[in-house]
Amino acid sequence: MERHKEQAVPVIKLGYVRLHQIFPKDLLERSQLVVVTTKLPFPPVRSMGLPEFGEMENMSREGITYKNTFFINRFHQTESLCFHELVHVIQWERLGVDNFLLAYGVGLMQFGYLDYRNSPLEDMAYSLETRFDRRSLPTDVVGLVQQGTDAIWNGIAPLVFKAREQ
Ligand SMILES: [Zn+2]
């Protein structure tokens, strides 16, 4: 992922007016977009010891977020998709790398990678994206995402720790 650094643009510089209305300035400053012209990168799940999700490396997706950086295919760059990926940035920040990947992975196990849109962290991002498009967002999006992310984590943490004990 490091090799993409030079093309990364802070979201605050993209000139998306609605994102400025919805998110705090510092979030838009530390989040960055990389426009991708070929295949989107995917976290190397196989080498991270999650071979079940190896298939996902080959999926075609419009955008993907890794920590505070999101990658969007150049044909799909819209304010709406940037909003979606910013929801993931907040989720990543809330959970940290290890727990985000665990929570995301458990969600995929529950719904299957073909239905990844229904996994809890994606479901949150897609439903908020729909509300963004309909201009029916709640006032405190960041707080809502943080609470929702905590709830998802609280739901799966017992399963994760139980599996580790075995
Ligand atoms: Zn997503």
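Q: Helices (H or I, at least four residues) and strands (E, at least two) are DSSP runs, numbered from the N terminus; how far apart along helix α3 are H84 and H88, and what does this amount to in helical turns?
A: H84 and H88 are four residues apart in helix α3, which means that about one helical turn separates them. An α-helix has 3.6 residues a turn, so residues three or four places apart point the same way.

Q: What kind of model is this, and which limits apply to its features?
A: This is a predicted model, in which local features need pLDDT of at least 70 and side-chain atom pairs count only at pLDDT 80 or more, while totals for chains, interfaces and linings use all residues. Residues are numbered from 1 along each chain as its sequence is written, and side-chain values use heavy atoms, with hydrogens and water left out.

Q: How many helices and strands does the protein have, and in which pattern do they follow one another?
A: The protein has five helices and four strands. Along the sequence, they are arranged as β-α-α-β-β-β-α-α-α.

Q: Why is H88 called buried?
A: Buried means under 20% relative accessible area, exposed over 50%, and partly exposed in between (1.4 Å probe, protein chains only). H88, in helix α3 (residues 79-111), has a relative accessibility of 4%, and therefore counts as buried. H84 is buried as well.

Q: Which atoms count as donors of the zinc ion?
A: Donors are N, O and S atoms within 2.8 Å of the metal (3.2 Å for Na, K and Ca); water is not among the atoms, so sites may look incomplete. The zinc ion is coordinated at 2.1 to 2.7 Å by NE2 of H84, NE2 of H88 and two OE atoms of E122. Along the chain, these donors follow the spacing H-x3-H-x33-E.

Q: What makes the site of the zinc ion irregular?
A: Four donors count as tetrahedral if all angles lie between 85 and 135 degrees; four count as square planar and six as octahedral if opposite donors are over 155 degrees apart and all others between 65 and 115; anything else is irregular. The angles among the four donor atoms of the zinc ion run from 53 to 156 degrees, and the site is irregular. For comparison, ideal angles at a metal are 109.5 degrees for four tetrahedral donors.

Q: With which side chains does the side chain of H88 make polar contacts?
A: A polar contact is a pair of N or O atoms within 3.5 Å; within protein, one must be able to donate a hydrogen and the other to accept it, and residues adjacent in sequence count only if both atoms are side-chain atoms. The side chain of H88 has such a contact with that of Q91, at 2.7 Å, and another with that of E122, at 3.1 Å.

Q: Which residues does H88 touch, beyond those up to four places away in sequence?
A: Contact means heavy atoms within 4.5 Å. H88 touches T65, F100, L121, E122 and A125.

Q: How do you know that α3 is not a straight helix?
A: The expected span of a helix is 1.5 Å times one less than its number of residues. A straight helix of 33 residues would span 48 Å, but the end C-alpha atoms of α3 span only 27 Å. The bend at a residue is the angle between axes fitted to the seven residues ending there and the seven starting there; at G96, α3 bends by about 115 degrees.

Q: What span should helix α4 have, and how far apart are its end C-alpha atoms?
A: The 14 residues of α4 (residues 120-133) should span 20 Å, and the end C-alpha atoms are 20 Å apart, which agrees. Buried residues of α4 include L121, E122 and A125. The buried residues of this helix pack against α1 (17-22), α3 and α5.

Q: Why is R135 called exposed, whereas K67 is called partly exposed?
A: R135 has a relative accessible area of 63% and is therefore exposed; K67, at 39%, is partly exposed. R135 is in the loop between α4 and α5, and K67 is in the loop between β3 (63-66) and β4 (69-73). Neither R135 nor K67 is a glycine, yet phi is positive in R135, at about 55 degrees, and in K67, near 55 degrees.

Q: Why is Q32 counted as buried?
A: The relative accessibility of Q32 is 18%, so Q32 counts as buried. Q32 lies in strand β2 (residues 32-36), and its contacts beyond four places in sequence include V9, P10 and F70.
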